[in-house]
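Hi,

Here is the structure I said I would pass on to you. Have a look at it first, and then read my notes below.

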Amino acid sequence: MILEAVRRWARGHTRRKRYSPVGVAFHWTVAGLILFQLWWGWRTGRLPVGYDKLEAYEVHSQVGLLIFVLTLLRMAWRLMIPGPVNDADKPGWQSQAAHLTHLALYACLLGLPLSGWAMLSATAREQELSVAGVAPWPQLPLDALPEAQRWLIEAWAEQMHFGFIILLLALIPLHVGATAKHEFVDRDDVLRGMLPGIRRLERALAAAPRRIRQGFDAGRRRRAGPPAP
C-alpha cells in the first residue's frame, strides 16, 4: 500500500530524531511565506489608494490562500506521519508551553487567511481569488446577505485579522527564542531535527556554543592583560 510505504520511509527519518523531508519542506516554506506576508502587508498598508494598492492586496490574498492550503496539507501530513520524539518532548512545563505555542501558531495560520477570505467575500466580491495566482478559489456565499450585514462581517473579520497579526508577531520571537535556547543552552536536538539535511550548517550550530565561549574567554584575557611576572 502506498500510504504504508510512505510511513515506512518517513519513520526512517523520525527514528533518527529528524523530521521527514516533506515535514521540513512544509515548515520552512510556510515560515518563509509568513515573513513575506508580514512585510508585504506592512508595505501594502502604506501604499496610496490606487491600482498599485489593489494589485498588492491581490498578491497578499493569493499568498494568504497558499499558506492556508499548505497549512491544511501540513496538518494532514502530521496526522499520517507524526514528527519525531526529541529532547523538547521531555515532561514538564517547557514541553507544555511548546505545545501551546504550536497550537497558537496553527490558529494564526488558519485564522489569518480565513478572516481575510471573509473580508474579501463580504465587501470585495468583484475581486477574483486564487491560490498563488494559479488555482481559482471561490468566494464565501455571502452575496445574498444585506449590505449592512456584509459590512458588519467585514468589520469583525478585519478586527480578527489584526488580532491574529498581533498574536503572530508575539509568537514568532517566542518560538525562535525557545528554539535558540534548546540549541545553544540546553544542547537539545530540536533545531537539528528540522534542518533540511545541511550537514555543514548542523556542524556549525553544534560548534557555535564552544566558539562563543572561546570568544568570551579570549576577550577576558585581553582585558586582564598579560600575566604578572
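At what angle do α3 and α4 pack, and how far apart are their axes? The angle is about 140°, and the axes lie 9 Å apart. An angle over 145° would count as roughly antiparallel, so α3 is oblique to α4. The crossing in which α3 passes α4 is left-handed. On the α3 side, the contact is made by S61, G64, I67, F68, T71, L72, R74, M75 and R78. The α4 side brings Y106, L109, L110, P113, L114 and L120. Sorted by class, this contact has 10 nonpolar residues, three polar ones and two charged ones.

Before I go on, please keep in mind that this is a predicted model.

Now for the overall picture. The protein has 229 residues, and 37% of them count as buried. Its secondary structure comes to seven helices and two strands. Reading from the N terminus, the order of elements is α-α-α-α-β-β-α-α-α. If you take the contacts between residues at least 6 apart in sequence, 67% of them join residues at least 24 apart.

Helix α3 also packs with α2. Here α2 covers residues 21-45 and α3 covers residues 51-80, and the two meet at an angle of about 155° with their axes 10 Å apart. That angle is over 145°, so α2 is roughly antiparallel to α3. As α2 passes α3, the crossing is left-handed. The residues in this contact divide into 16 nonpolar, nine polar and three charged.

I also looked at three single residues, and you may like to click on them as you read.

W9 sits in helix α1, which spans residues 2-14. Is W9 buried, partly exposed or exposed? Its relative accessibility is 40%, so W9 counts as partly exposed. Leaving out residues up to four places away in sequence, W9 touches S20, P21, V22 and W77. There is a link across the sequence to look at here too: W9 and I81 are 72 residues apart along the chain, and their C-alpha atoms are separated by 9.9 Å.

S121 belongs to helix α4, residues 93-123. With a relative accessibility of 0%, S121 counts as buried. What does the side chain of S121 reach? It reaches the backbone nitrogen of L140, at 2.9 Å. Apart from neighbours within four places in sequence, S121 is in contact with Q139, L140 and L142.

Q127 lies in the loop between α4 and β1, the latter being 129-131. The relative accessible area of Q127 is 19%, and the limit for buried is under 20%, so Q127 is buried. Which residues does Q127 touch, if those up to four places away in sequence are not counted? They are Y57, E58, S61, L120 and Q139. Two of these names may ring a bell, since S61 and L120 also take part in the contact of α3 with α4. Q139 comes up again as well, being one of the contacts of S121.

If you would like a place to start, try the contact of α3 with α4, and then turn to Q127 in its loop.

Happy browsing, and all the best!

Terms used. Residues numbered from 1 in each chain as written. Predicted model: local features only at pLDDT ≥ 70, side-chain atom pairs only at ≥ 80, totals over all residues. Heavy atoms only, no water. Axes fitted to C-alpha atoms, helices over the stretch in contact; angles between N-to-C directions. Helix = DSSP H or I, 4+ residues; strand = E, 2+ residues; numbered from the N terminus. Parallel < 35°, antiparallel > 145°, perpendicular 65-115°, else oblique. Left-handed = near helix turned anticlockwise from the far one by under 90°. Nonpolar A, V, L, I, M, F, W, Y, C, P; charged D, E, K, R; others polar. Buried < 20%, exposed > 50% of the residue type's maximum accessible area, 1.4 Å probe, protein only. Polar contact = N/O pair within 3.5 Å; in protein donor to acceptor, adjacent residues only side chain to side chain. Contact = heavy atoms within 4.5 Å.
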